[in-house]
Amino acid sequence: MEVEANERQEDEEREEPEDQEKGNEEEVATEIASDEDDDMRAMLAVDCVELYSPVRVNQHAKQYGLTPGSSLDLLTGWNFDRSSDRKAALNLIDTQELLLVVGSPMCTMFSTLQRLRPDDAVWEARLHKATGHIKFAVAMYRRQRRGGRYFLHEHPASASSWQLPVMQSLINEPG
């Protein structure tokens, strides 16, 4: 009996280092997976996205230490007339936590030349559509602001879009 007890104790002693090694292997595997997750996050991390713009700002982002992201524009397959594209862009803002969103909605309908044109049904429809795009851009900017992040709205100083109630509201918000 005593021999059996000694043999069992020897067996347990032999098993302990293996169990410890397994434990260490699991810890190492967890650390490696964690490092890989961090690497994957770093690869996917984007600092700057452009709205309503082909690649312009993003081509210079690296010069300023920013990781360029997508340019969400008609030329890159994004059409913000479609609700599915608007939802996808909002989801991008919510999930990527971008440092900077640069918005450049078309300013044609807000140019000083447009003020010289008489109002008609076609002009009103175009203005309504353009105003909808400004409202969408402002929704994106507000998400950025709520997250403590930044946005830049690119429109000429003389554009009438700055006088839209949605823009005035954004301008007057704290933050």
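**A four-stranded sheet and its packing helix**

In this predicted model, Leu-51 stands opposite Gly-103 of strand β3. Helix α4 packs on the sheet and touches β1, β3 and β4, with its direction at about 155 degrees to that of β4. The sheet itself is open and has 4 strands, paired in parallel in the order β2-β1-β3-β4. Its edge strands are β2 (68–72) and β4, each of which pairs on one side only. Direction ignored, neighbouring strands of the sheet are turned against each other by 15 degrees on average.

Strand β3 offers a convenient place to start looking around. Strand β1 (residues 48–51) runs parallel to β3 and is joined to it by 4 bridges, and within this pairing Val-49 stands opposite Val-101. Towards β4 (residues 150–153), β3 again pairs in the parallel sense, over 4 bridges. Here Phe-151 of β4 is the bridge partner of Val-101. To get from β3 to β4, the chain crosses through helix α4 (residues 121–146), and this β-α-β crossover is right-handed. Another bridge partner in β4 is His-153, which is matched with Gly-103. Gly-103 thus has a counterpart in β1, Leu-51, as well as one in β4, His-153. The residues of β3 (residues 100–103) are all buried: Leu-100 and Val-102 point one way from the strand, while Val-101 and Gly-103 point the other way.

Helix α4 deserves a closer look. Its 26 residues reach 37 Å from the first C-alpha to the last, close to the 38 Å expected at 1.5 Å a residue. The buried residues of α4 include Trp-123, Ala-130, Thr-131 and His-133, and also Tyr-141 and Gln-144. Together, the buried residues of this helix pack against β1, α3, β3, β4 and α5.

The next topic is the nonpolar interior. The largest nonpolar core has 26 residues, and those touching the most other members are Leu-51, Phe-80, Ile-134, Phe-136, Val-138, Met-140 and Met-167. Two or more residues of this core come from each of β1, α3 (83–96), α4 and α5 (165–172). Helix α4 gives the most, with 8 residues. Its residues Ile-134, Phe-136, Val-138 and Met-140 are among the buried ones of the helix. Once neighbours within four places in sequence are left aside, Met-167 is in contact with Ile-134, Val-138, His-153, Ser-161 and Trp-162. Apart from the largest core lies another, of 5 residues, with Cys-48, Ala-61, Leu-66 and Val-102 among them.

Two loop residues are worth a friendly note for anyone checking backbone torsions. Tyr-52, although not a glycine, has a positive phi of about 60 degrees. Tyr-52 is found in the loop between β1 and α2 (58–61), and with a relative accessible area of 11% it is buried. Glu-97 is likewise a residue other than glycine with a positive phi, near 50 degrees. Glu-97 is found in the loop between α3 and β3, and its relative accessible area of 55% makes it exposed.

Conventions
Residues numbered from 1 in each chain as written. Predicted model: local features only at pLDDT ≥ 70, side-chain atom pairs only at ≥ 80, totals over all residues. Heavy atoms only, no water. Buried < 20%, exposed > 50% of the residue type's maximum accessible area, 1.4 Å probe, protein only. Pairing = 2+ DSSP bridges. Right-handed = clockwise from strand over helix to strand, strands pointing away. Axes fitted to C-alpha atoms, helices over the stretch in contact; angles between N-to-C directions. Contact = heavy atoms within 4.5 Å. Core = buried A, V, L, I, M, F, W, Y, C linked by side-chain atoms within 4.5 Å. Expected span 1.5 Å × (residues − 1).
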